[in-house]
Amino acid sequence: MSKVKHDGYDRSKVLVLGDDTRNVLPIVRSLGRRGIRVHLAWCEPGDPVLRSRYLQRLEPLPRYGRDRTDWLDELRSLLEREDFALVIPATEGAVFTLQTHRCELEHLAPLYLLDQGAFETVFDKSRTHALARSLDVPVPESSMVSDLGEIDALRGSFPLPAVVKPCSSVHQQQVLTKNYVRTVHDWDELRAYAGRLLEREPRVILQECLPGRGVGVE
């Protein structure tokens with residue numbers, strides 16, 4: 001693809017951010033097959049995506065750090081230098097990071113991000129659940145708990161197996177640490193895992209476990 005610029009951006013070059021091969025590799029392949037030059041950052045050494053023939057360059061950017069600014073300075077410098085047509089955060093941590101620092105970056109390159117209202121809804125499972133209920137979308141029965149006492153009060157009345165969910169898989173204080181959804185089969189397991197999540201965030205969702213096949217849209 002020839003180098004074409006519109007509005008100051010090189011339409012043949014994109015920056016992808018993230019280290020989850022399940023997300024990153026399909027993006028790199030899809031763009032590369034279109035003749036778009038793909039640069040990648042925030043990817044761990046040895047990740048399979050680094051062997052893709054569609055990856056043009058790995059950018060050695062520092063990882064995000066809440067108490068440091070070198071990562072932001074380096075990313076700004078890269079965006080000023082390279083004129084990317086688009087910056088694609090390919091993991092939840094990368095999305096959260098760019099969303100949080102949007103005002104410092106969006107004047108340098110187009111960022112593939114949601115508007116703030118949509119972001120706050122889809123990144124908070126309790127808000128997603130509330131929106132679905134308000135639209136009469138069928139959802140599992142759920143209880144929001146904020147401490148072990150509230151969990152113990154549900155013992156005997158909440159059906160097992162159950163699903164224990166963090167309200168958000170990542171949050172501003174720990175964007176590189178992911179909180180996972182887990183299906184538990186007895187009360188001790190439920191209490192232990194919910195307790196672990198409550199050490200990192202103020203509320204946890206307990207949800208009935210419904211049989212079926214899970215499908216995600218990314």
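Before I show you anything, one definition: when I say two strands pair, I mean that DSSP finds at least two bridges between them. Keep that in mind for Val164, whose bridge partner in β9 is Leu206.

Okay, so this is a predicted model. The average pLDDT is 88, and 90% of the residues score at least 70. The part to treat with care is residues 1-6, where the pLDDT is below 50. That stretch still has 14 contacts in the model beyond near neighbours in sequence.

Now the overall picture. We have 218 residues, and 43% of them count as buried. The secondary structure comes to eight helices and nine strands. The C-alpha trace spans about 65 × 40 × 35 Å along its principal axes. If you take the contacts between residues at least 6 apart in sequence, 60% of those join residues at least 24 apart.

Let's go to the sheet. Four strands make an open sheet, in the order β6-β9-β7-β8, with antiparallel pairing. Which strands stand at the edges? Those are β6, residues 142-145, and β8; each has a single partner strand, so one side of each has no neighbour in the sheet. From one strand to the next, the twist averages 25°.

Two helices go with this sheet. Helix α6, residues 125-134, packs on it and touches β6, β7 and β9. The direction of α6 makes about 45° with that of β9. Then there's helix α8, residues 187-198, which lies across β6, β7, β8 and β9. Against β7, α8 runs at about 5°.

I'd like to stay on β7 for a minute, residues 162-166. Four of its five residues are buried, so the strand is largely enclosed by the rest of the structure. Towards β9, residues 204-208, there are five bridges, and the two strands run antiparallel. Towards β8, residues 182-184, there are three bridges, again antiparallel. If you want to follow the register on screen, Ala162 has Val184 as its bridge partner in β8, and Val164 stands opposite Arg182 in that strand. On the β9 side, as I said at the start, Val164 is partnered with Leu206.

Over to the helices. In α2, residues 70-82, we have 13 residues, and at 1.5 Å a residue they should span 18 Å. The end C-alpha atoms are 18 Å apart, which agrees. Where do the buried residues of α2 fall when you look down its axis? First, who they are: Trp71, Leu72, Leu75, Leu78, Leu79 and Glu82. Seen down the axis, they sit within an arc of 125°, so they line one face of the helix. The general background is that an α-helix has 3.6 residues a turn, so residues three or four places apart point the same way. Right after α2 comes Asp83, with a positive phi, near 55°.

Last stop: Val24, in helix α1, residues 21-33. Is Val24 buried or exposed? The cut-off for buried is under 20% relative accessible area, and Val24 has 1%, so it counts as buried. Leaving out residues up to four places away in sequence, Val24 touches Val16, Gly18, Asp19, Leu40, Val49 and Ala90. Take Leu40 from that list: Val24 and Leu40 are 16 residues apart in sequence, with their C-alpha atoms 9.0 Å apart in space.

That's my tour. Happy to go back to any of it on screen.

Technical notes. Residues are numbered from 1 along each chain as its sequence is written. This is a predicted model: local features need pLDDT of at least 70, side-chain atom pairs count only at pLDDT 80 or more; totals for chains, interfaces and linings use all residues. Side-chain values use heavy atoms; hydrogens and water are left out. Buried means under 20% relative accessible area, exposed over 50%, partly exposed in between (1.4 Å probe, protein chains only). pLDDT is the predictor's confidence in each residue, from 0 to 100. Contact means heavy atoms within 4.5 Å. The expected span of a helix is 1.5 Å times one less than its number of residues. The arc is that of the directions from the helix axis to the C-beta atoms. Axes are lines fitted to C-alpha atoms, for helices over the stretch in contact, and angles run from 0 to 180 degrees between N-to-C directions.
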